[in-house]
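Subject: Structure handover

Hello,

Here is the structure for you to look over. My notes follow below it.

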Amino acid sequence: MSQQPVAFLTRRETFSACHRLHSPQLSDAENLEVFGKCNNFHGHGHNYTVEITVRGPIDRRTGMVVNISELKEAIETVIMKRLDHKNLDKDVEYFANTPSTTENLAVYIWDNIRLQLKKPELLYEVKIHETPKNIISYRGPYLLNGIYNPINKRITHDSCTNISSDSD
């Protein structure tokens with residue numbers, strides 16, 4: 001019995017967006033302390049680079065893990081149409097009450113890319129380069145007490161403990 005080869009396919013895209021790191025669960029003073037200059041009332045922008053990786057067996061008939069056209073269309077729908085040249089906090093409903101950290105941006109992209117794929121289980125990783133020094137990788141919900149935290153019922157925290165920042 002021969003094993004089917006498994007491959008990783010990554011598609012890279014860039015987009016520009018602005019945001020303000022601010023949590024409605026924190027006071028203005030706490031937000032300033034936690035997020036520093038990234039809590040500037042007027043916000044700031046990034047030229048993000050996103051890498052979407054799928055992992056799976058190479059189909060014997062097509063020679064592909066996923067048709068790259070399907071992945072391109074998913075990225076166009078989720079990233080380019082919804083996020084490019086947008087104010088994340090004001091133009092993307094998801095961030096109305098969720099801090100627009102790069103970690104949360106990766107979760108947003110993960111959840112929405114999965115909705116676009118014919119085989120969402122093949123999505124392996126969302127990697128976002130916020131700056132040349134700040135890179136976030138997300139590979140799905142966190143295993144908590146032996147079970148996965150459901151996608152639409154994530155654990156919320158009282159404060160932001162893992163922030164993105166340009167301050168480095």
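Start in a loop. Asparagine 39 sits between α1 (28–35) and β2, in the loop that links them. Is asparagine 39 buried or exposed? Its relative accessibility is 7%, so asparagine 39 counts as buried; the cut-off is under 20%. Leaving aside residues up to four places away in sequence, asparagine 39 touches Arg20, Leu21, His22, Asn31 and Leu32. Bear in mind that this is a predicted model.

Overall make-up

The protein has 4 helices and 7 strands. Along the sequence they follow the pattern β-α-β-α-β-α-α-β-β-β-β. The protein has 168 residues, and 40% of them are buried. Take the contacts with a separation of 6 or more: 70% of them are between residues 24 or more positions apart.

The sheet

Five of the strands are worth tracing one by one. They form an open sheet of 5 strands, in the order β3-β1-β2-β4-β5, with mixed pairing. Why are β3 (86–87) and β5 (135–138) each left with one side without a neighbour in the sheet? Both stand at the edges, and each has a single partner strand, so one side stays unpaired in the sheet. As background, strands of a sheet pair through backbone hydrogen bonds, either parallel or antiparallel.

Here are the pairings, going across the sheet:

- β3 with β1: these strands run parallel, and 2 bridges join β1 (residues 6–19) to β3. Cysteine 18 stands opposite asparagine 87 in β3.
- β1 with β2: the pairing is antiparallel, over 14 bridges. Valine 6 has proline 57 in β2 as its bridge partner.
- β2 with β4: the pairing is antiparallel, over 6 bridges. Valine 54 stands opposite leucine 123 in β4.
- β4 with β5: the pairing is antiparallel, over 4 bridges. Histidine 129 has isoleucine 135 in β5 as its bridge partner.

A hairpin of 5 residues joins β4 to β5.

How much of β2 is buried? The count is 10 of its 14 residues, so β2 is largely enclosed by the rest of the structure.

Isoleucine 135

Now the edge strand β5, where isoleucine 135 has its place. Isoleucine 135 has a relative accessible area of 40%. That makes isoleucine 135 partly exposed, because the class runs between the 20% and 50% cut-offs. Not counting residues up to four places away in sequence, isoleucine 135 touches Lys127, Ile128 and His129. His129 is also its bridge partner, as listed above. Isoleucine 135 and tyrosine 48 are 87 residues apart in sequence. In space, C-alpha to C-alpha, isoleucine 135 and tyrosine 48 are 9.7 Å apart.

Helices on the sheet

Two helices come next. Helix α2 (residues 68–80) lies across β1 and β2 (44–57). The helix runs at about 20° to β1. Helix α4 (residues 102–116) packs on the sheet too, touching β1, β2, β4 (123–129) and β5. The direction of α4 makes about 145° with that of β4.

Where α2 meets α4

These helices also pack on each other. Two packed helices are described by the angle between their axes and the distance between the axes. For α2 and α4 the angle is about 130°, and the axes are 9 Å apart. The two helices are therefore oblique to each other. Their crossing is right-handed.

Which residues make the contact? From α2 come Glu70, Ala74, Ile75, Thr77, Val78 and Ile79. From α4 come Tyr108, Ile109, Asn112, Ile113 and Gln116. By class, the contact of α2 with α4 has 7 nonpolar, 3 polar and 1 charged residues.

In brief

If you open just a few views, try these. Look at the sheet, in the order β3-β1-β2-β4-β5. Look at the right-handed crossing of α2 and α4. Then look at asparagine 39, buried in its loop at 7% relative accessibility.

Best wishes

Conventions:
Residues numbered from 1 in each chain as written. Predicted model: local features only at pLDDT ≥ 70, side-chain atom pairs only at ≥ 80, totals over all residues. Heavy atoms only, no water. Pairing = 2+ DSSP bridges. Contact = heavy atoms within 4.5 Å. Axes fitted to C-alpha atoms, helices over the stretch in contact; angles between N-to-C directions. Parallel < 35°, antiparallel > 145°, perpendicular 65-115°, else oblique. Left-handed = near helix turned anticlockwise from the far one by under 90°. Nonpolar A, V, L, I, M, F, W, Y, C, P; charged D, E, K, R; others polar. Buried < 20%, exposed > 50% of the residue type's maximum accessible area, 1.4 Å probe, protein only.
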